[in-house]
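These are my notebook entries on a structure that was new to me. I set down what I looked up, entry by entry.

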Amino acid sequence: MYKRQYRDLPLSNKGELHFFVDTASFRGAEGFVRQEIYTVLDARQLQFVPEGGQFVAQVDLTVRIFDSAGVEVTSETWTRNVSVESLRALRETAAPVKDIIGFDLRPGAYRMTVTIEDIYGDKQGTCEAVLGEHAFEGGVMTTSEVLFASSLDRGEEEGRFVKHGWQVLPNTTRGYRAGNPLY
């Protein structure tokens, strides 16, 4: 059984490729918890190759969820391409690459691993953490976890960062500058 412990978020990883992970749980379909996992990495640490007048990097992201007995209950692996016009401009500015994935889980204790691999640079990093044990059913008043965002805009288009007509860009590092709004 995984014991829920206080953990300072965002989570950071081990390995050569450095990134941050944040999580939030929400009420899902009846009997389920919607567990969202957010990642951000700085593209300046990726290996880029020339392709069609641009430079392209490729990362594989893998999230694996384990139950309290250590059995993998679900996993997902996907590839993201990152392209830039100039490597010089990339070196001069921060280049965050953000991603999100969600899983519908039965209430209970879980452990996750998040792995990001730079395909062309042959580097990777892995983060492990215990997920919160949430149950949004049962007549007990409860709230979802807080999702920290760097922007919140009304939007009509579909996308992985759109929630009920709002474009919600996660602030995975939870860093805010003084005077900037907190979403």
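Entry 1, the second largest pocket. I looked up its volume in this predicted model, and the second largest pocket comes to about 240 Å³. I then listed its lining, which has 14 residues; V40, L41, D42, P96 and T173 are the closest to the pocket centre. I asked which elements give two or more residues to this lining. They are β3 (19-27), β4 and β8. I noted that β4 gives the most to the second largest pocket, with three residues. I also sorted the lining of this pocket by class and found seven nonpolar, five polar and two charged residues.

Entry 2, the largest pocket. I recorded a volume of about 390 Å³ for the largest pocket. Its lining consists of 16 residues, and I marked F26, E36, V162, K163 and H164 as those nearest the centre. Which strands each supply at least two residues of this lining? I found β4 (33-42), β8 (96-105), β11 (149-154), β12 (162-163) and β13 (166-170). Within the lining of the largest pocket, β8 gives the most, with three residues. I counted the classes in this lining as 10 nonpolar, two polar and four charged. I note that β4 and β8 occur in my entry for the second largest pocket and again in this one.

Entry 3, cavities. I searched for enclosed spaces and found two cavities of 30 Å³ or more in the structure. The largest cavity has a volume of about 60 Å³. I wrote down its lining as S25, V33, Q35, L105, R106, P107, G108, Y110, L131, G132 and H134. By class, I have five nonpolar, five polar and one charged residues around the largest cavity.

I turned next to the second largest cavity, which holds about 50 Å³ of space. I listed T39, V40, L41, V59, L61, R80, V97, K98, D99 and I116 as its lining. The elements that give two or more residues to this lining are β4, β6 (54-67) and β8. I recorded six nonpolar, one polar and three charged residues there. I note that V40 and L41, which line this cavity, are also among the residues closest to the centre of the second largest pocket.

Entry 4, the open sheet. I asked in what order the four strands of the open sheet stand. The order is β1-β3-β4-β8, and the pairing is antiparallel. I then asked why one side of β1 (11-12) and one side of β8 are left without a neighbour in the sheet. Both strands stand at the edges and each has a single partner strand, so one side of each has no neighbour there. I looked at the edge with β1 and found two bridges joining β1 to β3, which run antiparallel. In this pairing, L11 stands opposite V21 in β3.

Entry 5, the partners of β10. I looked up two pairings of this strand. Strand β2 (residues 14-15) pairs with strand β10 (residues 123-131) in the antiparallel sense, over two bridges. I noted G15 opposite G125 in β10. Strand β9 (residues 110-118) also pairs with β10 in the antiparallel sense, here over nine bridges. For D118, I found K123 as the bridge partner in β10. β9 and β10 form a hairpin, and I recorded four residues between the two strands. In the turn, D122 has a positive phi of about 55 degrees.

Entry 6, the whole chain. I closed with the overall figures. How many helices and strands does the protein chain have? I recorded one helix and 13 strands. Reading from the N terminus, I wrote the order as β-β-β-β-β-β-β-α-β-β-β-β-β-β. Of the 183 residues in the protein chain, 39% are buried. I looked up the contacts between residues at least 6 apart in sequence, and 63% of them join residues at least 24 apart. The accessible surface of the protein chain comes to about 10,700 Å², and carbon and sulfur atoms account for 48% of that surface.

Definitions and conventions. Residues numbered from 1 in each chain as written. Predicted model: local features only at pLDDT ≥ 70, side-chain atom pairs only at ≥ 80, totals over all residues. Heavy atoms only, no water. Buried < 20%, exposed > 50% of the residue type's maximum accessible area, 1.4 Å probe, protein only. Contact = heavy atoms within 4.5 Å. Areas by Shrake-Rupley, 256 points an atom, 1.4 Å probe, with all protein chains shown as cover. Pairing = 2+ DSSP bridges. 1 Å grid on protein atoms, 1.4 Å probe; cavity = no way out; pocket = protein on both sides within 12 Å on 5 of 7 lines; lining within 4 Å. Points joined across faces, edges and corners; volume = space filled by probe spheres on them. Nonpolar A, V, L, I, M, F, W, Y, C, P; charged D, E, K, R; others polar.
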